[in-house]
Amino acid sequence: GGPAPRRLLDAAGPLDIWWIIYENGWLLGGVLAVLSATLASVGLVLQKKAQYRLMGDNLHPSDPKPSRRQILGSGFFWLGFVLYLSYSPINMLALKYAPETTVLPLSACVVVLNFFLAFTVLYERFTRMDITASVVCIFGAVVMNTAMSQTIPGNLEDFPVNEVLDISRHLFQNGGFAAYGVAWLALFAMCLYVVAFVSMQSVVRPFALTFLVGLLRAMFHFMSKVLVTLLARAQHPEVLGDPITARVLLATAVLFLSTLWATCEGVQQLPCRFFVPAVFVAIQVLTATQDLLFFRAWEAMTQKDIVAFVVASAISVVSVCFISTEQRVIASPGASGLNTPLLSPRTDAVRLHQSVLAIIDEYRIRLPTAPDSGPLETIDMRSPVSNRWRLFPIFSCCFLVAFPVVLWCSGKVFSTFAFMTLFSLYQAWKMGMHIVMFGYVGTKKMAHFHNADFHALYKAEMKDPKLKLRTGPKWEEVRHFVVLPNYKEDYEVLRLAVRSVAASGIAKRQICLVLAMEAREEGAQEKAASLIREFENDFLMCHATFHPVGLPGEVPGKSANTRWAAEEVLQKIMPERGLSAATTIFTVGDADSEFHPEYFAALTYYFVHAGGGSSGAVPLRYLTIWQPPIVHFKNYLSQPAVVRLASFLTSMHELANLADPNSTRVPYSTYSVSAVLAASVNGWDPDWISEDWHMCLKCFLATGGRLAISPIFLPILNYAPEGDTWYQTIVARWIQAKRHALGFSELVYLTDHSPRIFRSIEGKTGRTTFSWRLAFLWFKLLMIHLFMAVFVIIAPLNGVIIAYFASHQLTSALTINSWTFLANCVFQGVGLMAVFGLFIVSVAVYEAVKPRIDGTAMAPFWYRIPLLHVVTSMAECVWYIPMFFFFAGFAEWIAAVKVAKTHKFDYAVALKPKLPAA
């Protein structure tokens with residue numbers, strides 16, 4: 001009795017979610033169905049991984065595949081085989097607790113997981129058509145199962161023994177099922193003929209092979225249900241003594257072995273991108289059909305349900321035809337023949353860079369420039385920001401916290417829980433498994449890029465008439481201005497950044513160093529002069545700018561300093577040297593940025609190839625910001641555990657968004673932009689604190705949403721804040737966190753200007769494109785800050801509600817026996833796995849950049865063994881997760897309050913380590 005809030009004191013612990021699942025048969029069946037689908041997907045992917053590993057970098061469709069003996073000798077194959085074997089018994093166990101109409105649609109998890117695993121583990125490439133068709137497969141299966149009669153049992157355990165035996169003896173005397181059996185035999189014979197006698201190059205064979213697997217699996221699924229039902233009654237003498245039991249057992253065993261054989265053959269001959277969804281659809285349609293016919297459940301369906309079932313089945317089958325059967329795979333970095341950046345003139349550079357080019361082409365970068373490309377025209381962004389939206393950040397934070405609380409206090413417990421489940425979905429995916437999966441993809445892409453030689457690749461392409469660029473800038477025409485804004489930075493830290501730029505192979509011919517100093521810093525001129533003397537022979541040019549104090553409308557900081565330096569370059573240096581903005585690139589870095597030696601060569605390659613567009617269109621090079629991965633690992637070994645945890649989350653989040661070709665990206669810390677784009681938007685705004693985000697949003701709005709953020713997978717390392725003591729380091733990281741949280745103000749800027757930009761765009765196509773891209777960008781900026789602000793409140797509230805359900809014995813209530821609770825359970829499990837995955841991927845990134853991290857030669861032994869490194873990182877950092885999210889959320893609330901007053905903030909420089917003089 002009493003309202004819901006009064007009963008919170010009686011709640012049990014959040015771990016009671018497992019008791020709720022155990023006590024509720026439907027939930028347990030659903031969880032087991034998800035688990036079986038997960039094991040099936042992982043098992044199939046590992047079997048395919050065994051094949052790709054044996055093929056090395058010979059992954060062209062015409063390359064020979066390894067023999068069965070070679071595959072059987074692979075540990076990956078046997079691990080995948082064992083996992084796939086466990087799929088069937090767990091799936092049958094799920095049917096003991098949940099009906100067929102629950103277990104069947106949950107099998108769609110196989111397709112969902114396959115998409116991510118095939119992309120991240122197998123490096124199979126997906127086109128938009130492949131993704132769309134896979135989604136349609138899942139949607140069709142869901143509609144099909146929704147339309148089915150809900151009377152189909154998971155198993156026959158409620159049937160009397162004699163009735164079960166009678167069903168088994170007269171299986172094909174059921175008219176509908178007999179007709180299905182005849183059709184099944186005819187289809188089986190046709191598919192078997194095609195698989196045995198038709199060439200693999202035939203268009204028909206891939207579909208015949210997957211349909212054969214579906215036929216066998218569907219019939220095995222049905223026969224195993226009958227067998228399990230008979231064996232469950234083995235204590236009855238008439239069951240064991242009846243010959244039908246032995247026949248069902250033999251038929252089920254034959255079908256099981258045949259299914260295994262056909263599945264293994266299909267996995268080896270077809271890409272998982274096609275094989276898994278095609279088999280899924282075949283199993284779904286055939287299993288649902290045979291159940292409807294055998295149990296005569298179609299008689300309980302309305303005409304609309306039957307039509308919906310038939311149409312959804314047809315759509316699912318047809319959608320499979322739009323998934324490519326072609327083997328499009330990027331070889332594993334370890335299998336690549338590209339093992340040195342110093343390629344001889346006789347080396348086939350294009351062949352050796354095929355994996356790098358495949359990664360570049362994922363982002364649709366290499367496009368020819370139209371002979372008559374047009375100039376860049378932008379929308380004026382000098383309009384000041386109004387005060388209309390300044391309260392939006394604090395309002396959104398308060399609303400997201402107050403909304404579930406109001407629902408709870410109103411007694412709408414399950415509505416509160418549904419809201420929590422939606423939040424858990426976002427947390428489990430975007431802030432969880434997306435970071436883990438695409439962070440892992442990012443490590444592989446960095447490994448491919450690490451040894452690339454972009455100048456050699458460009459020269460090889462210029463020798464090939466088919467690849468030679470007809471128009472656009474030439475390599476030697478491109479000039480780079482590397483701007484390093486700094487204020488009171490340690491000399492050796494700044495020197496390290498300059499030395500990393502000088503390490504580029506094109507530094508002496510094409511790179512101009514700009515030391516953007518602050519005039520108010522004591523000793524700034526001497527510091528700049530010393531660095532220029534040391535490195536002036538390593539660059540095409542070295543120059544220092546000194547940002548004056550007290551300029552009207554400015555707030556001292558990185559943005560104002562960058563603006564001053566860029567204006568001096570554009571208005572003074574470039575005209576004096578006769579440099580064209582059309583072939584000039586600005587790279588803005590932090591004072592502690594350590595560049596990869598190949599970054600500027602890669603940037604040059606990207607720039608000259610970024611054409612695109614029809615006649616009169618603006619080339620993409622003038623609509624793009626280039627972004628390398630930013631890894632806060634330079635002082636990794638000296639970072640306290642909680643600071644290292646922050647470095648893990650920040651670095652992996654940024655890497656994952658770069659590695660996902662379909663992600664909405666924003667620049668961070670260090671980035672590059674063409675001088676044409678920078679000049680057309682009137683440079684950097686001097687009164688905004690998040691200069692990277694703000695420049696992105698300004699360019700996005702000024703170009704009417706045409707801006708692209710293009711990743712270059714050559715990581716930049718920098719230092720996390722560090723003081724002389726543990727306490728000073730924590731305080732320094734807190735100062736940096738508060739500064740980063742002030743990026744909340746950029747949401748005000750974007751929201752305020754968007755209506756004006758929308759009205760300025762001509763044509764429905766341009767407005768639609770702008771609105772579509774704006775929606776994703778706006779939501780991304782909102783959720784980055786909003787999630788961190790409320791997670792520390794929302795996550796415990798989800799646990800409290802689950803505890804409330806447990807303590808008040810609501811496990812059998814209608815509101816609990818729902819898909820919502822099952823989804824919440826799954827999302828919580830996925831979120832928990834993502835925590836462990838974060839440490840694994842972070843250690844993988846550490847291994848990738850280890851030679852560039854300070855002090856790794858003297859690191860303790862547990863940092864030298866990846867498995868021990870993962871375990872020790874978890875042990876050190878996992879206890880700080882609540883503390884991290886508490887202070888990160890606190891910083892966001894402070895920022896939201898400040899943004900309500902102004903967008904102008906003092907730029908607080910966090911402490912960086914003091915390096916010994918070289």
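Student: In which sense do β5 and β9 pair?
Tutor: Heads-up: this is a predicted model, where local features need pLDDT of at least 70, side-chain atom pairs count only at pLDDT 80 or more, and totals for chains, interfaces and linings use all residues. Residues are numbered from 1 along each chain as its sequence is written, while side-chain values use heavy atoms, leaving out hydrogens and water. Strands here are DSSP runs of E, at least two residues (helices: H or I, at least four), numbered from the N terminus, and two strands pair if DSSP finds at least two bridges between them. For β5 and β9 there are four bridges, and the sense is antiparallel.

Student: Which residue in β9 is the bridge partner of Thr587?
Tutor: Start with the strand, β9, which covers residues 671-674. Within β9, the partner that bridges to Thr587 is Ser672.

Student: And over in β2, which residue has Thr587 as its bridge partner?
Tutor: β2 covers residues 479-485 and β5 covers residues 584-588. The two run parallel and are joined by five bridges. Thr587 of β5 is the bridge partner of Val482.

Student: Which strands stand at the edges of the sheet?
Tutor: Picture seven strands in an open sheet with mixed pairing, in the order β4-β3-β2-β5-β9-β7-β10. An edge strand has a single partner, so one side of it is left without a neighbour in the sheet. That fits residues 541-547 and residues 708-711, in other words β4 and β10.

Student: Are the residues of β9 buried or exposed?
Tutor: Tyr671 and Val673 point one way from β9, and Ser672 and Ser674 point the other way. Whichever way they point, all of them are buried (under 20% relative accessible area with a 1.4 Å probe, protein chains only; over 50% is exposed, and in between is partly exposed). For the residues of β9, then, the word is buried.

Student: Which residue stands opposite Val673 in β9?
Tutor: Look to β7, residues 624-627, which pairs with β9 in the antiparallel sense over two bridges. Facing Val673 there is Ile625.

Student: How far apart in space are Ala452 and Val356?
Tutor: Ala452 sits in the loop between α19 (413-450) and α20 (454-463). Ala452 counts as buried because its relative accessibility is 0%. In sequence, Ala452 and Val356 are 96 residues apart, but in space, C-alpha to C-alpha, the gap is 7.6 Å.

Student: What share of the chain's residues is buried?
Tutor: The secondary structure of the chain comes to 34 helices and eleven strands. Out of its 918 residues, the buried share is 58%.
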